Amino acid sequence: MTDLLVTWLIMTVSVLVAAYLLPGVRVASFGSALVVAVLLGVLNAILRPVLIFFTLPLTILTFGLFILVINAIIVLIVGSIVKGFEVKGFITAVLFSVILSIAHWILQAVIRYI
């Protein structure tokens, strides 16, 4: 249970970091970032595998780069659901998902090192 809470907090901080670095993303509060982190986790667990399965030929043709499009779509879905989280445009969603992944990876590595 502790690992889940730590991962949730790491994802929340990663959302805040990515929103801080990108001018086209707005997170209204820490509470909004908590909800975004949960919803991203749920959609990545449920919707992402389905989308990857149905777009597998396109993903193979683009050597996996189409997964960036899938990640951006999930970010845009979360942006349309969560009040207090706004993403302006598709390219911003792609950049947000890349920065989010990098920030999450770095923070997770730091926490495991400690």
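Let's start with two helices that pack against each other, H1, residues 2-21, and H5, residues 90-113. This is a predicted model, so please keep that in mind as we go. In it, the axes of H1 and H5 are 8 Å apart, and the angle between them is about 135 degrees. What do we call an arrangement like that? Angles over 145 degrees count as roughly antiparallel, and 65 to 115 as roughly perpendicular. The pair falls in neither range, and H1 and H5 are therefore oblique to each other. If you turn the model on your screen, you can also look at the handedness: the crossing of H1 past H5 is right-handed.

Now, who touches whom? On the H1 side, the residues in the contact include Val6, Thr7, Ile10, Met11 and Ser14. On the H5 side, among them are Phe96, Ile99, Leu100, Ala103 and His104. And what is the character of this contact between H1 and H5? Its residues split into 15 nonpolar and 4 polar, with no charged ones.

Let's zoom in on one residue from each helix. First, His104, which sits in helix H5. Is His104 buried or exposed? Its relative accessible area is 15%, and the cut-off for buried is under 20%, so His104 is buried. Which residues does His104 touch, once we set aside its neighbours within four places in sequence? The answer is Thr7, Ile10, Met11 and Ser14. You heard those four names a moment ago, on the H1 side of the packing.

Our second residue is Val6, over in helix H1. Val6 has 33% relative accessibility, which is why it counts as partly exposed. Here is something to try on your screen: find Val6 and Leu16. They are 10 residues apart in sequence, and their C-alpha atoms are 15 Å apart in space.

Let's step back to the whole protein. How many helices and strands are there? There are 5 helices and 2 strands, and from the N terminus their order is α-β-α-α-α-β-α. The radius of gyration is 14 Å, close to the 13 Å that the globule rule gives for 114 residues, so the protein is as compact as a globular protein of that length. The C-alpha trace spans about 40 × 30 × 20 Å along its principal axes.

Two last numbers for your notes. Of the 114 residues, 36% count as buried. And among contacts with a separation of 6 or more, 63% come from residues 24 or more positions apart. Thanks for listening, everyone!

How values were computed: Residues numbered from 1 in each chain as written. Predicted model: local features only at pLDDT ≥ 70, side-chain atom pairs only at ≥ 80, totals over all residues. Heavy atoms only, no water. Axes fitted to C-alpha atoms, helices over the stretch in contact; angles between N-to-C directions. Parallel < 35°, antiparallel > 145°, perpendicular 65-115°, else oblique. Left-handed = near helix turned anticlockwise from the far one by under 90°. Contact = heavy atoms within 4.5 Å. Nonpolar A, V, L, I, M, F, W, Y, C, P; charged D, E, K, R; others polar. Rg over C-alpha atoms; globule rule 2.2 N^0.38 Å. Buried < 20%, exposed > 50% of the residue type's maximum accessible area, 1.4 Å probe, protein only.
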